[in-house]
Amino acid sequence: MSITNYVLIVLGAIVLFAFWLYNSLVRAKTRVEEAWSHIDVQLNRRADLIPNLLETVKGYAKHEKGIFENVTKARSALLGAKSVKESEEADNMLTGALKTLFAVAENYPNLKASDNFKELQDELSDTENKIAYARQFYNGNVRDFNILIKSFPNVLLASVLGFKAAEFFQVSQENSKKPEVKF
Amino acid sequence: MTLYHQIAENRRRTFFLFFFTFLIIISLGYLFGAFYGDSYAGALLAFIFTIFYSLISYFFSANIVLAISGAKPIEKKDNPYLYRMVENLCIGAGIPLPKIYIIDEPALNAFATGRDQNHGVLVVTRGLLESLENEELEGVLAHELSHIQNQDIRVMTLAAVLAGAIVMLADIFLRSSRWGSSRSRKSGGILILIGLILALLSPLFAQLIKLAISRQREFLADSAGALLTRYPEGLAKALEKISKDPMPLQNVSEATAHLYIKNPLTKGMFASMFSTHPPVEERIKRLRAS
């Protein structure tokens, strides 16, 4: 066999490998996107609950304007977020703002006793749990995808085929701290 | 063994389960026909019967199993606590929400059934909801959801209905031959014979069910469940509580026993033969080791 034949065989093998790699990457990337849509659904649900919550709180605690503004700002940031990073930041901001809101609500016994408020609080904490689970699923898929992209020899071809590592969805250190209990 | 191996393994087991059930029922038909002079007609009838029976069991096995267990479906408003917990775990596992059923009994038990992920069913007893703490219940639910995700449920449910039918037939023939023979000697003769044949073959049927069951599967569902909740101790504690619970389940047969998280049969002639579950101590040990 001549040199050309060997070269052709090697080239053929590389092309076959590229096909295989492309398909695996597409599959893994689709899984990441699907997992992201799970988070997105819950983030939207969270944002949808906010206006109602604010209305209810305003009925009892008119003067806490600064807090309302923060929550509203975080909510619009969440709704306008374009990337994983932006969503992550806005969501963490919202978590912080809501924490202050609920802490302040402690000062208004009538508000705390309101059924509507309790129900909204319940719904919100349920949504937060769901975001946490959706994040776990998403991050698992991102991990698998990134391992596929970054391992050898895939790493040589992945960027040529137009694939970039996906971003994890993280909780800020501040928010993941356990709340301190004071007596 | 990974999840994908497990799924492939389950496909293989489903095939063998169908194959052997076919073989046994058709040979029974052949024997039955032989007594009436036409063994091929018997085999043909049995063949037609198995075709229909397996189609029915493929599509309705979950309903049959649910009917045997006496479980009732619930809506979100009936038990938001349980409903939300299942919703959350499903989001974490990335599977569609199964239908949720409750068995109104004080015994502690749970199982999953259905023919695939999209037709999954999750069943828990009232006793389980009442006795387990938050993270313990979460552990049990995650274990059952892993059975759905690993596609264990199809082969487990089919085993209950396909091989279970033969076990139940053996049971019926044995009973009728024991008590019915003095009254109707003539028709009793053949019943006794079939009953005896089935009784002689019943270790084989037990083997058939065991073929569909693997202890490995319980361990895998334990570890996959623990991975989902990120808290193996929850399931370990739940298993401890469940294993100490003396209350037996009311509506359970030898054929459906292997579906449950803990073997609901405590005694009886089949109980020892159908050792479908790995010992609880071993499962707890493995959970705590991880």
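Q: The bend at a residue is the angle between axes fitted to the seven residues ending there and the seven starting there. This model is predicted: local features need pLDDT of at least 70, side-chain atom pairs count only at pLDDT 80 or more, and totals for chains, interfaces and linings use all residues. Residues are numbered from 1 along each chain as written, with chains lettered from A and ligands numbered from 1 in written order. At which residue does α1(A) bend?
A: α1(A) is a helix (a DSSP run of H or I, at least four residues, numbered from the N terminus). It bends by about 25°. Pro51(A) follows within four residues of the bend, which is at Ile50(A).

Q: What distance does α1(A) reach from its first C-alpha to its last?
A: The helix covers residues 3-60 of chain A, 58 residues. The expected span (1.5 Å times one less than the number of residues) is 86 Å. The model comes close to that, at 85 Å.

Q: How are α1(A) and α5(A) oriented to each other?
A: α5(A) runs over residues 115-150, and its axis comes within 9 Å of that of α1(A). They cross at roughly 165° (axes are fitted to C-alpha atoms over the stretch in contact, with angles from 0 to 180 degrees between N-to-C directions). That makes the pair roughly antiparallel (over 145 degrees).

Q: How many nonpolar residues does the contact of α1(A) with α5(A) have?
A: Contact means C-beta atoms, placed from the backbone, within 7 Å. The contact has 8 polar and 8 charged residues. Its nonpolar residues (Ala, Val, Leu, Ile, Met, Phe, Trp, Tyr, Cys and Pro; Asp, Glu, Lys and Arg are charged, the others polar) number 19.

Q: At what angle do α2(A) and α3(A) cross?
A: α2(A) spans residues 65-80 and α3(A) residues 84-105. Their axes come within 8 Å. The helices are roughly antiparallel, crossing at roughly 155°.

Q: How many charged residues are in the contact of α2(A) with α3(A)?
A: Ile67(A) and Leu78(A) are among the α2(A) residues, Leu94(A) and Val104(A) among those of α3(A). The contact has 12 nonpolar and 3 polar residues. The charged count is 2.

Q: How are α5(B) and α9(B) oriented to each other?
A: α5(B), residues 134-149, and α9(B), residues 232-244, have axes 7 Å apart. They pack at about 95°. They are therefore roughly perpendicular (65 to 115 degrees).

Q: How many residues does chain A give to the contact with chain B?
A: Chain B gives 8 residues. These divide into 3 nonpolar, 3 polar and 2 charged. Chain A gives 9.

Methods: Two residues are in contact if their C-beta atoms, placed from the backbone, lie within 7 Å. Helices (H or I, at least four residues) and strands (E, at least two) are DSSP runs, numbered from the N terminus. Angles under 35 degrees count as roughly parallel, over 145 as roughly antiparallel, 65 to 115 as roughly perpendicular and the rest as oblique.
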